[in-house]
Amino acid sequence: MALRSMTGFARTAGAIEGYSWSWEIRSVNGRNLEVRLRLPQNLESLESKVRAMCSSRLARGNCNLTLTLRKEGGSQALKVNQTVLQQAIEIARQVRRTAGEVTAISVGDLLAVRGVLELAEAEADAELEARLNTGVLAGLEEALDILVGARAAEGRQLANVLGGLIDRVDGLVAEITDHPGRSSARIKARLERQIAALGERPEQLDPQRLAQEVLLIATRADIQEELDRLRAHVVAARALLVAGEPAGRQLDFLSQEFNREANTICSKASDIEITRLGLSLKSFIDQFREQIQNVE
């Protein structure tokens, strides 16, 4: 399985023995897998199966699933909602007790109360219901195939973008590693210029003391450990892009580690060019972190 995004859309439709149905699935970014369902009242028993099917195919994302079911040309009949009717009768009795014979409430008045009469489709037999459930779940499987395909297609594009950003990060790490600003000679020359700017003559300074100061500054500005960790993170990120498993959480964690090392490099750097490279490094890491928010 290649890298997948969390964004996608799918729609399927079908018909079985006078019933037509359609599935719509929309998925967007999410920290975990969250499935929101809208099922017809007579198919709510499928909820657990639908959730299980989604969990088996998707790892992360906010998914909204809507199932629409229609009876094509089916016969409809009126039925009485007994609960609403009893409530209406009790209210009528209370009104009569209050108003006396002045108020006459007929059966027609009771039937006119909203909700007392309902339209009901003829109930399907158990075998037809079982076939309908099977067809609807098969349609969901097809919709999930389409959704996963859409997420995989966007995932391939994301993988190319992320791979390019990792290459840029790797290149900047190499540039910082080889930058002459990290050398003791460059640090010594910079220190001598600072001393000269204060009106002192560097050649009159104790060479041993100058060497100690250069060593102290070089130690404080040493970023070799940060560079080594960044190279390790680059290797790990590249492996995750081709691992074939959901990698969004691991990549998000790596982006935080990338950023931490880049911040340390910028704070330790004693050379303006290394600081500039560190800021460029942070910029690409920010782009990397932004892109992986849509990785499953």
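What follows is a walk through the overall make-up, two helix pairs and two buried residues of a predicted model.

Starting with the big picture, the chain carries nine helices and six strands. It runs to 296 residues, and 37% of them count as buried. Taking just the contacts with a separation of 6 or more, 79% come from residues 24 or more positions apart.

Now for the helix pairs. Two packed helices are described by the angle between their axes and the distance between the axes. Helix H1, spanning residues 47–57, packs against helix H4, residues 126–177, at an angle of about 25 degrees, and their axes sit 11 Å apart. Angles under 35 degrees count as roughly parallel, so H1 and H4 get that label. Their crossing is right-handed. On the H1 side, the contact is built from Lys49, Val50, Met53, Cys54 and Arg57, while H4 puts in Leu137, Leu140, Glu141, Leu144, Asp145 and Val148. Sorted by type, the residues of this H1–H4 contact come out as seven nonpolar and four charged, with no polar ones.

Further along the chain, helix H8 (residues 248–268) pairs up with helix H9 (residues 272–291): their axes come within 9 Å and cross at roughly 165 degrees. That angle makes H8 roughly antiparallel to H9, the cut-off being over 145 degrees. This crossing is left-handed. H8 brings Leu251, Asp252, Ser255, Gln256, Phe258, Asn259, Ala262, Asn263, Ile265 and Cys266 to the contact, and these meet Ile274, Thr275, Gly278, Leu279, Leu281, Lys282, Ile285, Asp286, Phe288 and Arg289 of H9. The tally for the H8–H9 contact is 10 nonpolar, six polar and four charged residues.

Phe258 of H8, listed in that contact, also turns up among the neighbours of His233. His233 itself belongs to helix H7, residues 224–241. With a relative accessible area of 13%, His233 is buried, because the cut-off for that label is under 20%. Setting aside residues up to four places away in sequence, His233 touches Leu254, Glu257, Phe258 and Glu261.

The other buried residue picked out here is Ser27, part of strand S2 (residues 19–28). Its relative accessibility is 2%, so Ser27 counts as buried as well. The Ser27 side chain makes a polar contact of 3.2 Å with the side chain of Arg151. Beyond its neighbours within four places in sequence, Ser27 is in contact with Met6, Thr7, Gly8, Asn62, Cys63, Leu147 and Arg151.

Technical notes: Residues numbered from 1 in each chain as written. Predicted model: local features only at pLDDT ≥ 70, side-chain atom pairs only at ≥ 80, totals over all residues. Heavy atoms only, no water. Axes fitted to C-alpha atoms, helices over the stretch in contact; angles between N-to-C directions. Helix = DSSP H or I, 4+ residues; strand = E, 2+ residues; numbered from the N terminus. Parallel < 35°, antiparallel > 145°, perpendicular 65-115°, else oblique. Left-handed = near helix turned anticlockwise from the far one by under 90°. Contact = heavy atoms within 4.5 Å. Nonpolar A, V, L, I, M, F, W, Y, C, P; charged D, E, K, R; others polar. Buried < 20%, exposed > 50% of the residue type's maximum accessible area, 1.4 Å probe, protein only. Polar contact = N/O pair within 3.5 Å; in protein donor to acceptor, adjacent residues only side chain to side chain.
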